[in-house]
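Colleague: I would like to learn how to read the surroundings of a ligand in a model. Could you walk me through it?

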Amino acid sequence: MTDVTSRAWDRHARTYARLGAPFTGYIAQALFQTVAGRLPPSPRILEVACGNGELAKAAALHCLAEDPSGRSGRVVATDFSAEMVAHARANLAVLGAGDVVRCEVQDGQALSFEDRTFDAVLSAFGIFLFPDRRAGFREAARVLAPGGLFATAVWRGPDDNALARLQMAPVMAALPERIRAALPRPSWLEIASREGLEAELVSSGFTDVEIDVFDAVLTAPAPRAMWESMLENPVSGAVLARCSEVELAAVEASVLATFASLAGGADRAVRFDASCHFAVGRRRP
Ligand SMILES: C[S@@+](CC[C@H](N)C(=O)[O-])C[C@H]1O[C@@H](n2cnc3c(N)ncnc32)[C@H](O)[C@@H]1O
């Protein structure tokens with residue numbers, strides 16, 4: 001993907017908390033439940049690229065359910081965007097979970113933790129879009145205890161995932177040829193398939209990798225809200241930023257028309273079917 005900085009995610013944090021996190025947060029919590037039954041007692045859990053911290057919330061509730069006094073288990077929610085971390089901190093504060101959970105600014109490509117610190121490392125829609133994705137997977141393996149659990153959620157490609165298809169198609173249809181021809185193939189598509197994801201996780205130090213499909217629905221309140229989020233999102237926004245004002249107006253018209261037709265009107269909620277993979281593995285001893 002385009003090499004975006006933490007500042008770009010800082011600028012998107014408020015919109016993401018309102019529009020993205022309620023949707024991906026539900027998926028992130030489901031990802032946590034997928035591994036919850038395999039965690040050891042008093043688990044030490046790391047979330048990488050936590051965004052609003054929804055997965056960490058499920059993890060903290062798991063620890064509190066094990067021991068309401070908060071002596072059992074620890075969760076560290078990390079993200080390289082200070083604004084995302086601030087949102088996660090506020091989101092998690094409502095739990096009153098005290099020492100069970102803490103939030104830190106950390107680059108997932110170069111974590112500051114010692115080797116073998118955690119029993120589980122989890123990342124929903126995070127590592128897959130890092131500029132150096134392989135470094136992200138290697139770091140997750142490094143900070144895991146041997147045999148420790150790793151789980152991640154990765155979007156499936158446009159052929160299998162209407163959310164990706166319906167966002168990309170009207171943009172590509174209206175982008176001027178000079179921009180379209182120069183666009184690199186998004187690198188996350190290398191791991192959008194089951195086979196690609198499994199191969200990369202195995203080569204990053206994981207074993208016993210299981211991959212399942214998870215489907216969900218994203219509802220945006222109106223076509224324009226979704227378009228504005230795409231403009232601000234660091235990944236799609238980097239592509240749209242290449243357009244002149246006139247070119248951008250053409251892309252906007254194309255996207256809004258597609259979304260309005262899906263919604264049945266410009267002021268109606270738009271539903272996008274979405275599909276991702278949940279990958280679960282263990283750190284190779
Ligand atoms: C699509 S959001 C996913 C957030 C959250 N996990 C969720 O499921 O809602 C991607 C997140 O990755 C974070 N991110 C991107 N590159 C990162 C990096 N190198 N290190 C840590 N976090 C990163 C962004 O700041 C953003 O919060």
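Modeller: Happily! Let us begin with the idea of a polar contact: a pair of N or O atoms within 3.5 Å. Keep in mind that this is a predicted model.

Colleague: How far does a polar side-chain atom of D79 lie from an oxygen atom of the ligand?

Modeller: The distance is 2.6 Å, so this D79 pair falls within the 3.5 Å cut-off. Backbone atoms take part as well: a polar backbone atom of A49 is 2.8 Å from a ligand nitrogen, and a backbone N or O atom of F80 lies 3.2 Å from a nitrogen atom of the ligand.

Colleague: How much of the ligand's accessible area does the protein cover?

Modeller: On its own the ligand has 590 Å² of accessible area, and the protein covers 96% of that.

Colleague: Which residues come nearest to the ligand?

Modeller: There are 18 residues around the ligand, and Y16, T24, A49, D79 and A124 come nearest. Sorted by class, the shell has 10 nonpolar, 6 polar and 2 charged residues. Helix 1, residues 6-36, gives the most to that shell, with 3 residues.

Colleague: Let me try a single residue. Where is A86 found, and what is its relative accessible area?

Modeller: A86 is found in helix 3, which spans residues 82-93. Residues between 20% and 50% relative accessible area are called partly exposed; A86 has 37%, so it is partly exposed. For a sense of distance, A86 and N161 are 75 residues apart in sequence and 31 Å apart in space, C-alpha to C-alpha.

Terms used
Residues are numbered from 1 along each chain as its sequence is written. This is a predicted model: local features need pLDDT of at least 70, side-chain atom pairs count only at pLDDT 80 or more; totals for chains, interfaces and linings use all residues. Side-chain values use heavy atoms; hydrogens and water are left out. Helices (H or I, at least four residues) and strands (E, at least two) are DSSP runs, numbered from the N terminus. Buried means under 20% relative accessible area, exposed over 50%, partly exposed in between (1.4 Å probe, protein chains only). A residue is near a molecule or strand if one of its heavy atoms lies within 4 Å of it. A polar contact is a pair of N or O atoms within 3.5 Å; within protein, one must be able to donate a hydrogen and the other to accept it, and residues adjacent in sequence count only if both atoms are side-chain atoms. Accessible areas come from the Shrake-Rupley method with a 1.4 Å probe; for residues, only the protein chains shown count as cover. Ala, Val, Leu, Ile, Met, Phe, Trp, Tyr, Cys and Pro count as nonpolar, Asp, Glu, Lys and Arg as charged, and the others, Gly among them, as polar.
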